[in-house]
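Q: I am new to this structure and would like a close look at one part of it. Please start with a single contact and work outward from there.

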Amino acid sequence: MRIVGLTGGIASGKSTVSNLFKSHDIPVVDADVVAREALKKDSGGWKKVVAAFGEEILLDNGEVNRPRLGQIVFADPDKRQFLNRLLAPYISSGIFWEVGKLWLKGYKVIVLDVPLLFEAKIDKFTTPIIVVWVDPETQIQRLLARDKSSEEDGRNRVNAQMPLDDKKSKADIVIDNTGSLDDLNEQFQKVLFRVTGPLTWCEFWRSRQGVSIILASLSSGVVLCAKAFNNNRS
């Protein structure tokens, strides 16, 4: 199985690239979706976060007010890191559970869409690693246009993340999203061709098909050994 890492930064266009993969029938495990599940009312993650940040982060229905929580943690690096530590076990287990389900279905290529791919050390499980990159000013302008937030809040959110230039230096593939949507689509077609190429032997033996062949071979070997043993005894 080929597990592709996809990351970027807020307002970089990572979600657009993720949707392009989905439109080409490549399954995507979205860490943001997993994180929302980890914060659902009465879940383990929800209980820990409410205990740490208080009930003022809750909506009237008891669910976490994610924008309110975001304002708190993006303005304070220590609180942000604390929140990440609280949720990391739930998010990691949720991601690998989703990967396991896709493995059982026989998919040979999947994409992990993880904003904190490097920070959470998940990059060591993914090859290749794709980073969707834009320059910082473009990133901030797109964020302000998208969320209608203040420039201070926008800069806090961008500065709270690993700089995209740092992520770019760790990438196997960089998608430059400073241009138009047509430019992005053109780059994506090249990325898709590379990502969906033949599996390496290591990737194949990790796939469900590869494991099935190994198990079948082992079973056949056991049967043959048992027959040979019985023949020798007789």
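Which side chains meet in a salt bridge of 3.1 Å, N to O? Please also describe the other charged pairs and the sheet.

A: The model is predicted. The side chains that meet are those of Glu 98 and Lys 101, with 3.1 Å from N to O. Both residues belong to helix H5, which covers residues 77–104. They are 3 residues apart, which is about one turn of the helix. Glu 98 is partly exposed, at a relative accessible area of 28%. Lys 101 also counts as partly exposed, at 34% relative accessibility.

The structure holds 6 salt bridges, and the pair in H5 is one of them. Another lies in helix H7, residues 151–159, where Glu 151 and Arg 155 are 4 residues apart, about one turn of the helix. Their closest N and O atoms are 3.0 Å apart. Glu 151 has a relative accessible area of 43% and is partly exposed. Arg 155 is partly exposed as well, with 28%. This pair belongs to a network: salt bridges with shared partners join Glu 137, Glu 151 and Arg 155.

A further salt bridge links Lys 40 to Glu 37, with 3.8 Å between the closest N and O atoms. Lys 40 is partly exposed at 43% relative accessible area, and Glu 37 is partly exposed at 47%.

Asp 30 is a charged residue in another setting. It is buried and has no salt bridge. The nearest side chain of opposite charge is that of Lys 22, 4.8 Å away. A salt bridge needs a side-chain nitrogen of Lys or Arg within 4 Å of a carboxyl oxygen of Asp or Glu, so a distance of 4.8 Å does not qualify. The side chain of Asp 30 does reach the backbone nitrogen of Asp 32, at 2.8 Å.

Asp 30 lies in strand E2, residues 28–30, and this strand leads to the sheet. Five strands form an open sheet in the order E2-E3-E1-E4-E5, with parallel pairing. E2 and E5 stand at the edges with a single partner strand each, so one side of each has no neighbour in the sheet. On average, neighbouring strands are turned by 20 degrees against each other, direction ignored. Helix H2, residues 31–38, packs on this sheet and touches E2 and strand E3, residues 109–113. The direction of H2 makes about 45 degrees with that of E2.

The pairing can be followed strand by strand, starting at E2. E2 and E3 run parallel and are joined by 3 bridges. Here the bridge partner of Asp 30 is Asp 113 in E3. E3 is in turn joined to E1 by 5 bridges, again in parallel. Asp 113 appears here too, as the bridge partner of Leu 6 in E3. E3 itself is mostly covered, with 5 of its 5 residues buried. Val 109, Val 111 and Asp 113 point one way from the strand, while Ile 110 and Leu 112 point the other way. In a regular strand, side chains alternate between the two faces of the sheet.

Next comes the pairing of E1, residues 2–7, with E4, where 3 bridges join strands that run parallel. Leu 6 stands opposite Ile 130 in E4, and Thr 7 stands opposite Val 131 in E4. On its other pairing, E4 meets strand E5, residues 173–176, in the parallel sense over 4 bridges. Val 131 stands opposite Val 174 in E5.

E4, residues 129–133, is mostly covered, and 5 of its 5 residues are buried. Both of its faces are covered. Ile 129, Val 131 and Trp 133 lie on one side, with Ile 130 and Val 132 on the other.

To return to the starting point, Glu 98 and Lys 101 are a pair within H5, and both are partly exposed, at 28% and 34%. Asp 30, by contrast, is buried and without a salt bridge.

Technical notes: Residues are numbered from 1 along each chain as its sequence is written. This is a predicted model: local features need pLDDT of at least 70, side-chain atom pairs count only at pLDDT 80 or more; totals for chains, interfaces and linings use all residues. Side-chain values use heavy atoms; hydrogens and water are left out. Buried means under 20% relative accessible area, exposed over 50%, partly exposed in between (1.4 Å probe, protein chains only). Helices (H or I, at least four residues) and strands (E, at least two) are DSSP runs, numbered from the N terminus. Two strands pair if DSSP finds at least two bridges between them. Lys and Arg count as positive and Asp and Glu as negative; His and the chain ends are not counted. A polar contact is a pair of N or O atoms within 3.5 Å; within protein, one must be able to donate a hydrogen and the other to accept it, and residues adjacent in sequence count only if both atoms are side-chain atoms. Axes are lines fitted to C-alpha atoms, for helices over the stretch in contact, and angles run from 0 to 180 degrees between N-to-C directions. Contact means heavy atoms within 4.5 Å.
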